[in-house]
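Q: Could you take a close look at one spot in this model for me? I'd like to hear about a single side chain and its surroundings, and then whatever ties in with it.

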Amino acid sequence: MEQDAFSRRVFIMSFLLSLLVILIHAVNLADSNVILETTVREAIQLSGRADPGMWIENLFSNKLGQMAVPGFFMISGYLFFRTLHNFREIGDKWRRRFWSLLVPFGAWNVILYCMYGVMGKAALTLQNLSSAAVHYTYNPTFWYLYQLILLTVLAPVFYLLLRRLPTAVFVMLGVLILIYTMWDLPEINEDAIFYYFIGAFGARFCRDIVECNSSGRKACTGNVAIIATMALTIGVCMWLGVQGTITGNIGLWALSRVLERSAMVLLLWFLLCMFHLPQVRDFMKNGFFLYGVHYPLIKMVNLILSLCRIDLTEHAVLALMVYFAIPVLSVAVTCFLKKILGRYLPMVWRILSGGR
């Protein structure tokens with residue numbers, strides 16, 4: 001019973017985060033998310049208000065959307081260490097991640113590279129192919145999966161660091177210090193380590209709390225207290241972020257963003273714990289494939305609009321319609337391709353979906 005409730009929350013949480021990831025990349029009222037955020041902030045500072053369309057896109061893409069990838073890191077860390085009972089089991093989890101993570105990572109990167117090659121935007125060479133497969137050169141959204149692969153490789157280190165509660169707490173504080181001091185580690189992102197480690201920490205020391213295993217008034221009171229704490233944390237972090245911006249303290253700004261996004265993820269999770277969630281529908285279970293297909297689909301939609309000479313920056317209502325239609329279209333295309341590939345090319349489907 002509890003397992004079913006937990007699984008439903010994971011699927012629904014992951015689906016919601018996937019929709020936010022798509023909205024991050026669906027921005028169409030500015031050339032980039034950074035430009036959109038800067039434009040909205042400057043408009044509010046100058047006149048007290050911003051263009052409604054830009055404000056809405058900024059809210060979903062640059063505010064709510066910023067918890068999407070941290071949320072995936074936290075879920076991944078939790079699920080990896082949730083059923084890890086001893087050091088020897090890491091090898092078995094690595095074998096499963098090889099097929100569910102590494103193989104589809106390379107396959108999608110190669111597919112995107114071939115698409116660019118066919119369109120004449122990339123030279124078809126073995127060197128470029130190797131770079132595309134390993135370093136996601138033509139598939140920029142897969143930076144997250146690259147980081148997740150590195151974190152998975154580091155599982156033995158995390159396992160040792162999580163054996164004792166004081167050590168684990170010290171490590172988390174140490175990573176936060178790295179973020180504040182802007183200390184760059186080779187290859188791997190410090191904030192990714194923090195998010196993943198939070199998930200692993202929860203699986204190791206706070207499983208009953210995270211999975212909401214208790215019931216009744218006490219559980220409800222506990223969830224409300226956590227939600228209120230996370231909401232307060234978000235408010236404090238937003239204030240610290242503003243102070244960091246005003247004073248030019250980039251470390252404080254970066255630290256506040258990391259803590260704010262972590263609190264947002266936990267807030268959403270414990271909000272879901274407050275409700276009796278419906279059964280997970282099939283279209284919610286295709287997260288990896290949806291993540292892979294949404295970026296080229298957005299590029300295709302933008303190309304079609306460009307060929308039709310439609311400038312969405314001049315049609316705010318149409319831009320918002322397209323913006324919110326992209327996630328729906330991405331889910332629909334994913335379900336359609338799943339049906340076709342699952343029936344006629346099941347091996348291809350298993351590779352591109354990670355066997356999910």
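A: Sure. Keep in mind that this is a predicted model. Let's start with a polar atom on the side chain of Lys 93, which lies 3.2 Å from the backbone oxygen of Phe 80. Phe 80 also offers its ring: the charged end of Lys 93 sits over it, 5.4 Å from the ring centre. As for where we are in the fold, Lys 93 belongs to helix α5, which spans residues 89-118.

What about a partner of opposite charge? Lys 93 is buried, yet it has no salt bridge. The nearest side chain of opposite charge is that of Glu 89, 6.4 Å away, and a salt bridge would need the atoms within 4 Å. If you skip the neighbours within four places in sequence, Lys 93 is in contact with Leu 79, Phe 80, Thr 83 and Leu 84.

Lys 93 has a counterpart elsewhere: the charged end of Lys 285 sits over the ring of Phe 11, 5.9 Å from the centre.

And then there are rings against rings. The whole structure has 26 aromatic pairs. One of them is Phe 60 with Phe 324, edge-to-face, with 5.4 Å between centres and 90° between planes. That pair links distant parts of the chain, since Phe 60 is in helix α3 (residues 52-63) and Phe 324 in helix α15 (residues 316-344), 264 residues apart. Phe 60 counts as partly exposed because its relative accessibility is 26%, and Phe 324, at 35%, counts as partly exposed too. There's also an aromatic cluster, whose members include Phe 72, Phe 105, Trp 143 and Tyr 291.

Key: Residues numbered from 1 in each chain as written. Predicted model: local features only at pLDDT ≥ 70, side-chain atom pairs only at ≥ 80, totals over all residues. Heavy atoms only, no water. Helix = DSSP H or I, 4+ residues; strand = E, 2+ residues; numbered from the N terminus. Buried < 20%, exposed > 50% of the residue type's maximum accessible area, 1.4 Å probe, protein only. Lys, Arg positive; Asp, Glu negative; His and termini not counted. Polar contact = N/O pair within 3.5 Å; in protein donor to acceptor, adjacent residues only side chain to side chain. Contact = heavy atoms within 4.5 Å. Phe/Tyr/Trp six-rings, centres within 6.5 Å; stacked < 30°, edge-to-face > 60°. Lys NZ or Arg CZ within 6 Å of the ring centre and 35° of its normal.
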